[in-house]
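Subject: Structure for you to look at

Hello,

Here is the structure I promised to pass on. Please open it beside this message and follow along.

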Amino acid sequence: MDKFVVREPKKDPHLAVNKSAKDRAAQYPGVFHADNGLLFCSTCNIVLDHSMKSVLDKHLESVTHKKKVSNSDGKQQTLKTAFQCKTKPQAEKVKVCEEWIRACTPANVPLHKSDSPIMRQFLDTGW
């Protein structure tokens with residue numbers, strides 16, 4: 001009968017399950033940052049799986065990451081965080097971004113095509 005007894009798994013603080021995106025970002029200061037529960041590579045502007053440290057180490061050793069290290073533009077954030085406006089320029093930036101999404105969606109233009117240095121410069125400072 002003992003084999004049918006369901007036991008609670010041991011809670012080990014060293015297991016990856018217990019590591020949040022914020023914890024992983026603290027392990028790599030200046031390289032990764034956490035926003036809204038997601039872990040971003042600050043250089044590549046991509047979301048990474050924070051549950052396994054080996055994924056992060058492999059990303060840091062990748063050729064694409066090493067190429068982008070010299071061309072870092074800043075930190076990426078989620079839409080939820082970006083749309084929490086506090087100043088008038090931030091509200092205007094959100095308005096421009098929303099209009100851009102409304103223009104690209106009916107034309108079937110993938111939004112990732114907007115991820116170019118010229119578009120980032122326009123959306124950050126150019127208007």
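Start in helix α2, which covers residues 53-61. D57 and K53 are four residues apart there, so about one helical turn separates them. Their side chains meet in a salt bridge, at 3.3 Å from N to O. Keep in mind that this is a predicted model.

Are these two residues buried, exposed or partly exposed? D57 is partly exposed, with a relative accessible area of 25%. K53 is partly exposed too, at 39%. Buried would require a value under 20%.

How many salt bridges does a search of the whole structure find? It finds two. The other pair is E99 and R102, whose side chains meet at 2.9 Å, N to O. Look for them in helix α5, residues 88-104. They are three residues apart in that helix, so about one helical turn lies between them. E99 counts as partly exposed, with 43% relative accessibility.

Now turn to the sheet. It is open, has three strands and runs in the order β1-β2-β3, with antiparallel pairing. β1 and β3 stand at the edges with a single partner strand each, so one side of each has no neighbour in the sheet. From one strand to the next, the twist averages 45°. As background, strands of a sheet pair through backbone hydrogen bonds, either parallel or antiparallel.

Take the strands pair by pair.

- β1 (residues 32-35) and β2 (residues 38-41) pair over four bridges, in the antiparallel sense. D35 has L38 in β2 as its bridge partner. The two strands form a hairpin with two residues between them. In that turn, N36 has a positive phi of about 55°.
- β2 and β3 (residues 46-48) also pair in the antiparallel sense, over three bridges. F40 stands opposite V47 in β3. L39 has L48 in β3 as its bridge partner. This hairpin has four residues between its strands. N45 in its turn has a positive phi of about 55°.

Last comes the nonpolar core. Which residues make up the largest one? There are nine: A21, A25, Y28, F32, L39, C41, C44, L48 and L56. Two elements, α1 (21-27) and β2, give two or more residues to this core. L39 and L48 both belong to the core, and they are also bridge partners across β2 and β3. In soluble globular proteins, nonpolar side chains tend to be buried together.

A25 is a good residue to click on. Which residues does A25 contact, leaving aside its neighbours within four places in sequence? They are F32, H33, A34 and L39. Of these, F32 and L39 are listed in the core alongside A25.

That is the tour. Please write back with any questions.

Best wishes

Notes
Residues are numbered from 1 along each chain as its sequence is written. This is a predicted model: local features need pLDDT of at least 70, side-chain atom pairs count only at pLDDT 80 or more; totals for chains, interfaces and linings use all residues. Side-chain values use heavy atoms; hydrogens and water are left out. Two strands pair if DSSP finds at least two bridges between them. Axes are lines fitted to C-alpha atoms, for helices over the stretch in contact, and angles run from 0 to 180 degrees between N-to-C directions. A salt bridge is a side-chain nitrogen of Lys or Arg within 4 Å of a carboxyl oxygen of Asp or Glu. Buried means under 20% relative accessible area, exposed over 50%, partly exposed in between (1.4 Å probe, protein chains only). A nonpolar core is a set of buried Ala, Val, Leu, Ile, Met, Phe, Trp, Tyr and Cys residues joined through side-chain atoms within 4.5 Å. Contact means heavy atoms within 4.5 Å.
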